[in-house]
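This briefing goes through one protein model for a reader who has not seen it before. Please keep the sequence and the structure in view while reading.

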Amino acid sequence: MEVRVQEADFDVGAETRALSAGRTDVGAISTFVGLVRGAADGVQCMTLEHYPGMTEQSLSEIVAEAKSRWALLAVRVIHRVGPLQLGEQIVYVGVASAHRGEAIAACEFIMDYLKTRAPFWKKEQTPEGSRWVDARDTDDAAAARWLDVESRR
């Protein structure tokens with residue numbers, strides 16, 4: 001398992017290859033890459049802030065929860081912080097397992113919980129000034145579907 005919070009960009013291909021490097025038991029890898037968007041809403045750029053130490057611990061707990069629900073062989077979560085421009089990568093979630101269903105479900109679960117439980121704060125810059133981004137009801141609804149552990153196995 002690897003969890004990183006960093007300002008630097010990441011190489012999706014390299015991170016994905018690392019999930020199965022030297023392994024012959026991996027049958028599926030599922031990934032998610034989040035990008036800065038918002039041009040349609042007037043967003044010019046974004047700054048992500050976090051609470052060092054607490055953020056990494058929170059991400060590690062989310063990954064541990066995913067590993068308790070599915071038979072995962074490797075997991076990588078990378079989240080960027082600092083100033084980001086439109087189109088830049090924000091987050092990478094990669095999950096390796098023996099079977100695709102587990103990899104896909106765990107990847108979705110990690111992303112849903114990351115959006116609602118990890119201590120990140122987003123500030124968007126628009127022509128009118130900057131604004132903090134509030135939590136979205138759709139993110140809470142996505143995370144709530146995972147509350148019944150047995151229904152997801």
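At 8% relative accessibility, Arg-69 counts as buried, because the cut-off for buried is under 20% relative accessible area. The model is a predicted one. The points below begin with the salt bridge of this arginine and then turn to other pairs, the pocket, the surface and some single residues.

**A salt bridge within one helix**

- Arg-69 and Glu-65 are joined by a salt bridge between their side chains, with an N to O distance of 2.8 Å.
- Both residues belong to helix α2, where they sit 4 residues apart, about one turn of the helix.
- Glu-65 is partly exposed at 30% relative accessibility, whereas Arg-69 is buried.

**Salt bridges between distant parts of the chain**

- Side chains of opposite charge can pair when their charged atoms come close.
- In the whole structure, a search finds 11 salt bridges.
- Asp-9 and Arg-80 form one salt bridge, and their closest N and O atoms are 3.6 Å apart.
- This pair links distant parts of the chain, since Asp-9 is in the loop between β1 (2–6) and α1 (12–20) and Arg-80 is in strand β4 (residues 72–80), 71 residues apart.
- Asp-9 counts as partly exposed, with 45% relative accessibility, while Arg-80 counts as buried, with 4%.
- Glu-108 forms a salt bridge with Arg-145, and here the closest N and O atoms are 2.9 Å apart.
- That pair also links distant parts of the chain: Glu-108 belongs to helix α3 and Arg-145 to the segment after α4, with their positions 37 residues apart in the count.
- Both partners are partly exposed, Glu-108 at 38% relative accessibility and Arg-145 at 30%.
- Glu-2, Arg-4, Glu-15 and Arg-76 are joined into one network by salt bridges that share partners.

**The largest pocket**

- Rolling a probe the size of a water molecule over the atoms shows where empty space is left.
- The largest pocket holds about 790 Å³ of space.
- It is lined by 29 residues, and the closest to its centre are Lys-115, Lys-122, Val-133, Arg-136 and Asp-139.
- Which elements each supply at least two residues of the lining? They are β2 (28–35), β6 (89–97), α3 (100–117), β7, β8 (129–132) and α4 (137–144).
- Sorted by class, the lining of the largest pocket has 15 nonpolar, 4 polar and 10 charged residues.

**A nonpolar patch on the surface**

- Tyr-51, Met-54, Trp-121 and Trp-132 make up a nonpolar patch on the surface.
- Together these four residues have about 480 Å² of accessible area.
- Trp-121, one of the residues in the patch, is placed in strand β7 (residues 120–126).
- The relative accessible area of Trp-121 is 41%, so this residue is partly exposed.

**Single residues and their distances**

- Thr-55 is found in helix α2 (residues 54–69).
- Is Thr-55 buried or exposed? Thr-55 counts as buried, because its relative accessibility is 0%.
- Thr-55 and Arg-117 are 62 residues apart in sequence, and their C-alpha atoms are 9.4 Å apart in space.
- Leu-86 lies in the loop between β5 (82–85) and β6, and it is partly exposed at 35% relative accessibility.
- From Leu-86 to Val-43 the separation is 43 residues in sequence and 8.0 Å in space, C-alpha to C-alpha.
- Arg-131 has its place in strand β8 and is partly exposed, with a relative accessible area of 35%.
- Arg-131 and Leu-114 are 17 residues apart in sequence, and in space they are 21 Å apart, C-alpha to C-alpha.
- Ala-135 is located in the loop between β8 and α4.
- With 69% relative accessibility, Ala-135 counts as exposed.
- The C-alpha atoms of Ala-135 and Leu-48 are separated by 14 Å, and the two residues are 87 residues apart along the chain.

Technical notes. Residues are numbered from 1 along each chain as its sequence is written. This is a predicted model: local features need pLDDT of at least 70, side-chain atom pairs count only at pLDDT 80 or more; totals for chains, interfaces and linings use all residues. Side-chain values use heavy atoms; hydrogens and water are left out. Patches are made of residues with over 30% relative accessible area and no salt bridge: like charges are joined within 9 Å, nonpolar side chains (Val, Leu, Ile, Met, Phe, Trp, Tyr) within 5 Å. Accessible areas come from the Shrake-Rupley method with a 1.4 Å probe; for residues, only the protein chains shown count as cover. Buried means under 20% relative accessible area, exposed over 50%, partly exposed in between (1.4 Å probe, protein chains only). On a 1 Å grid over the protein atoms alone, a cavity is a set of points where a 1.4 Å probe fits but cannot get out, and a pocket is an open set with protein on both sides within 12 Å along at least five of seven lines; lining residues have an atom within 4 Å of a point. Grid points are joined across faces, edges and corners, and a volume is the space filled by probe spheres set on the points. Ala, Val, Leu, Ile, Met, Phe, Trp, Tyr, Cys and Pro count as nonpolar, Asp, Glu, Lys and Arg as charged, and the others, Gly among them, as polar.
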